[in-house]
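This report is meant for a reader who is meeting the structure for the first time. Please look over the sequence and the model before reading on.

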Amino acid sequence: MKLKSLICGVTIALASFTALADDDALSVLALKNAKFTVEQAIEKVSQEYKGSIVEFEVDDHRGQASYEFEIVNLQSEQKYKLQVSNEDGSILKEKTTNLKSDEKEAVNTLTAAKFDLKSTLTLVRQKYNAEVVEFELKNKKGITFYKFKLYDENGRKRIIVDVETGEMVPVMKK
């Protein structure tokens, strides 16, 4: 019985890994086929929504490729979750929630550092010759950083970028 459970667990893990890899590959295709780039979407979202972009991923909205953003506005203590069309930049969906207290510290540090997300995104893509399929703002061990998920012909890579220094550090696989 234990062997059967172990085999089932390994099978599920492999299927999940394959699904994630397929999803990343589809995200890269969506980025390459997009008429409205991530940089354009960041510019649009930054102009239309006050706050800091804390998350991004290539997503699917009703069968259409889209960009999903989370923006935190400290003044209003709101978090916006947006679906942006990668065809024309239109807002496909918007959801607003109240900001949680644990989300404030990272955004405070990010704001004080005057971090340029759009420039950093371009640098990351050039330096690692890969597409950015996700990123997220985090604060751990007293460091506020963006964790970028990249995808190239060799597969997935992850790097972190310190928002105060701009230092890029690859995340090593275990």
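## The nonpolar core

In this predicted model, the largest nonpolar core has 44 residues. Those with the most contacts inside this core are Tyr67, Phe69, Val124, Phe135, Tyr146 and Phe148.

Tyr146 can serve as a point of entry. Leaving aside its neighbours within four places in sequence, Tyr146 is in contact with a list of residues that includes Ile53, Val54, Leu110, Phe115 and Leu117. Phe135, Glu136 and Leu137 also belong to its contacts, as do Ile159, Ile160, Val161 and Val163.

## The sheet

The strands can be followed next. Eight of them make up an open sheet in the order 4-3-2-1-5-6-7-8, and their pairing is antiparallel. Strand 4 (91–98) and strand 8 (168–170) stand at the edges with a single partner strand each, so one side of each has no neighbour in the sheet. From one strand to the next, the twist averages 25 degrees.

The pairing at one of these edges can be described in more detail, since strand 3 (residues 78–85) and strand 4 are joined in the antiparallel sense over seven bridges. Within this part of the sheet, Lys79 has Thr97 of strand 4 as its bridge partner.

## Helices across the sheet

Helix 3 lies across strand 1 (52–61), strand 2 (64–73), strand 5 (131–140) and strand 6 (143–152), and the helix runs at about 105 degrees to strand 5. Helix 4 lies across strand 1, strand 5, strand 6, strand 7 (155–162) and strand 8, running at about 45 degrees to strand 6.

A residue of helix 3 gives a closer view of such an arrangement. Val107 is found in this helix, which covers residues 104–113, and Val107 counts as buried because its relative accessibility is 2%, where the cut-off for buried is under 20%. When residues up to four places away in sequence are not counted, Val107 touches Ser52, Val54, Val72, Leu74 and Leu137. One of these residues, Leu74, is 33 residues away from Val107 in sequence, while the C-alpha atoms of the two are 7.8 Å apart in space.

## Salt bridges

How many salt bridges does the structure hold? There are eleven, and among them is the one in which the side chains of Glu39 and Arg125 meet, at 2.3 Å from N to O. This pair links distant parts of the chain, with Glu39 in helix 2 (residues 38–48) and Arg125 in helix 4 (residues 117–128), 86 residues apart. The side chain of Arg125 also meets that of Glu131 in a salt bridge, with a distance of 3.7 Å from N to O, and Glu39, Arg125 and Glu131 are thus linked in a network of salt bridges.

Are the members of this network buried or partly exposed? Glu39 is buried, with a relative accessible area of 17%, and Glu131 likewise counts as buried, at 18% relative accessibility. Arg125, by contrast, counts as partly exposed because its relative accessibility is 28%, and this value lies between the limits of 20% and 50%.

A further salt bridge is formed by Asp152 with Lys157, where the closest N and O atoms are 2.8 Å apart. In this pair, Asp152 counts as buried at 9% relative accessibility, whereas Lys157 counts as partly exposed at 29%.

Terms used:
Residues numbered from 1 in each chain as written. Predicted model: local features only at pLDDT ≥ 70, side-chain atom pairs only at ≥ 80, totals over all residues. Heavy atoms only, no water. Helix = DSSP H or I, 4+ residues; strand = E, 2+ residues; numbered from the N terminus. Buried < 20%, exposed > 50% of the residue type's maximum accessible area, 1.4 Å probe, protein only. Contact = heavy atoms within 4.5 Å. Salt bridge = Lys/Arg side-chain N within 4 Å of Asp/Glu carboxyl O. Pairing = 2+ DSSP bridges. Axes fitted to C-alpha atoms, helices over the stretch in contact; angles between N-to-C directions. Core = buried A, V, L, I, M, F, W, Y, C linked by side-chain atoms within 4.5 Å.
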